[in-house]
Amino acid sequence: MSNKFYITTPIYYPNAEPHLGHVYTTICADVLARFHRLVGDETFLLTGTDEHGVKMDRTAAEKGVEPCQLADRVSGVFKSLWQELDITHDDFIRTSSPRHHKCVQAIISRLLANEDIYLGTYEGWYDEGQEEFVTETEARTRNYIAFNGKPLAQFSEPSYFFRLTKYADRLLDFLNSHPEFILPQERFNEVVSKLKAGVQDLSISRATLKWGIPFPNDPEHVVYVWIDALSNYISALDYGTDNDARFRQFWPADLHLIGKEILWFHAVYWPCILLSLGEPLPRQIFAHGWWLSGGRKMSKTEGNFIGIEKLREAAGAYGMDTLRYYLLRTASFGSDLNWFDAELARSFTELSNTIGNCLNRVLKMVFKYRGGVLPTREPDALLLPVDYALMNQTQALFPALQTAYAACQLHQCALLPVELARSINVYIEAAAPFKLARDPAKAGRLDTVLNITTQGIYTAMAGLLPVLPHKAIEGLSQLGVQANGRKLEQLALPLADGHVLTEGTPLFQRSTTGYNLP
Ligand code: MSP
């Protein structure tokens, strides 16, 4: 029976162009979505842009354009980048779209009806970069400094508040009984202890801003930021409309993939809003780490910024799949990461020496010694311990990948198939097929070696489909398998004896030609 898998990325601010951080989350989500499609799950990947708020308003004013013009332009840049990077999202939600507006107004109306919203005065500190109100205590511990290093701003104005305090205990109970709700585990603990320290009601409107969604009962106010942004996860599913089949099919989200700096909003505000709406909570939130570049925070002035141009250059030189592999294999998923050009180059070499080299050798051997036709291996009784070891590693790959994907261990998802290729290479060295080929009495043994190594690289390639979608398809096609649309279950069956392989060019060749080279 197939399951459903609803995965989301954060919706990104289109006040500046995308960079490595946005690309990272989106590629990780794409890898997960591709895996779930591969195992036959009904999968829905959502991304989009978060277009309202002070930051957008201000950047637009600086550029002498309307916020909606800025949003249209930069949102378009995100959209076409995802196309260029072959991201397989099923929808792209913009918070300035009428469907999102309608949904947010429906949500606010429900919260008002539940008496979970009241009018008060907001006085305090505000982190403009993060679009986040900051409590006095927190402001003090942060030395009145915003996340982006600038001073916190001060505010006092009428504002609608959401009764976050009403739901905090229920959320705490929920967290205590759902330790899997937030990954990695350390982040779960951080959220729980901060929540235990107490929360305040949440300011959710601004009367001084026009660029936003009007409050349904009081159009002088616009809905402010986090409640607007978080609602994208259900507005894209037509929540609150007469035709909410998508919502009923896909909600609750199976995974909200986010960067660690926005965990609190996802792990506390969002569940409390959903509790008030009476809707189920998401199944899991994964907060990944942050990229540095060359050991320092990315910055245009420091010259270590990894923006679109740099990423295009990287993909142009090493291929888009190598870029994906590099992003995944660099650190255990959840930890902070550090971009080094040399490491990207090393990832290319690693793929070339393992997967690329292994496929190349196996194909060459089968063509040279058996005309490209997969020979039958000898009976089990004649197999050696090394054969069993490799066959076992091959058979263990898909179950290990299932476990790694279920636990969001994306670096393992990338590394496990590569390790299998490495083992096949070692096995080939030891088996010395060129020597076997010289001795007619060893023909059976050579058949066994060819069969076991072909099955092994076939399995490794299939396991790489979510991570290296282009190279894996190409590799599989050289192995005589058309993978498009095939499910993992089918790919788990060994290749039949007599299967015909197709010769091809090596998978990882360095190129200086343009981008889009997979
Ligand atoms: N609009 C909010 C999110 C609302 S979600 C309901 C926002 N947008 S953002 O444009 O600032 O994007 C933040 C996200 O981009 C992070 O959560 C992370 O996914 C990604 N990254 C941005 N910079 C990053 C790094 N340096 N490293 C890794 N990812 C980071 O916050």
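Me: At roughly what angle do the axes of helix 12 and helix 13 cross?
Reply: This is a predicted model, where local features need pLDDT of at least 70, side-chain atom pairs count only at pLDDT 80 or more, and totals for chains, interfaces and linings use all residues. Residues are numbered from 1 along each chain as its sequence is written, and side-chain values use heavy atoms, with hydrogens and water left out. Helices here are DSSP runs (H or I, at least four residues), as are strands (E, at least two), numbered from the N terminus; axes are lines fitted to C-alpha atoms, for helices over the stretch in contact, with angles from 0 to 180 degrees between N-to-C directions. The axes of helix 12 (residues 308–318) and helix 13 come within 6 Å, and they cross at roughly 115 degrees.

Me: So which label does the pair of helix 12 and helix 13 get?
Reply: The cut-offs are under 35 degrees for roughly parallel, over 145 for roughly antiparallel, 65 to 115 for roughly perpendicular, and oblique for the rest. Helix 12 and helix 13 are therefore roughly perpendicular.

Me: Which residues of helix 13 make the contact with helix 12, and how do the residues of the contact divide?
Reply: Contact means heavy atoms within 4.5 Å. Helix 12 brings Leu311, Ala314, Ala315 and Tyr318, while helix 13 brings Met320, Thr322 and Leu323. Ala, Val, Leu, Ile, Met, Phe, Trp, Tyr, Cys and Pro count as nonpolar, Asp, Glu, Lys and Arg as charged, and the others, Gly among them, as polar. On that scheme the contact of helix 12 with helix 13 comes out as six nonpolar, one polar and no charged.

Me: How are helix 2 and helix 3 placed, and how do the residues of their contact divide?
Reply: The axes of helix 2 (residues 54–63) and helix 3 (residues 67–84) come within 8 Å and cross at roughly 95 degrees. That makes helix 2 roughly perpendicular to helix 3. Met56, Asp57, Thr59, Ala60 and Lys63 of helix 2 meet Pro67, Leu70 and Ala71 of helix 3. The split for this contact is five nonpolar, one polar and two charged.

Me: What kind of pair do the rings of tyrosine 24 and phenylalanine 333 make?
Reply: A search of the whole structure turns up 30 aromatic pairs (rings of Phe, Tyr and Trp, the last by its six-membered ring, with centres within 6.5 Å; planes under 30 degrees apart are stacked, over 60 edge-to-face, the rest tilted). The centres of tyrosine 24 and phenylalanine 333 are 6.2 Å apart with planes at 65 degrees, so the pair is edge-to-face.

Me: And how is the pair of phenylalanine 247 and tryptophan 251 classed?
Reply: Their ring centres lie 6.1 Å apart and their planes are at 10 degrees, so this pair is stacked.

Me: Is histidine 22 buried or exposed?
Reply: Buried means under 20% relative accessible area, exposed over 50%, and partly exposed in between (1.4 Å probe, protein chains only). Histidine 22 lies in helix 1 and, leaving aside neighbours within four places in sequence, touches Tyr12, Glu17, Phe78 and Trp82. Because its relative accessibility is 15%, histidine 22 counts as buried.

Me: How many residues of helix 19 are buried?
Reply: Helix 19 (residues 469–478) is mostly covered. Its buried residues pack against helix 1, helix 13, helix 14 (341–370) and helix 18 (443–463). Of its 10 residues, the buried ones number seven.
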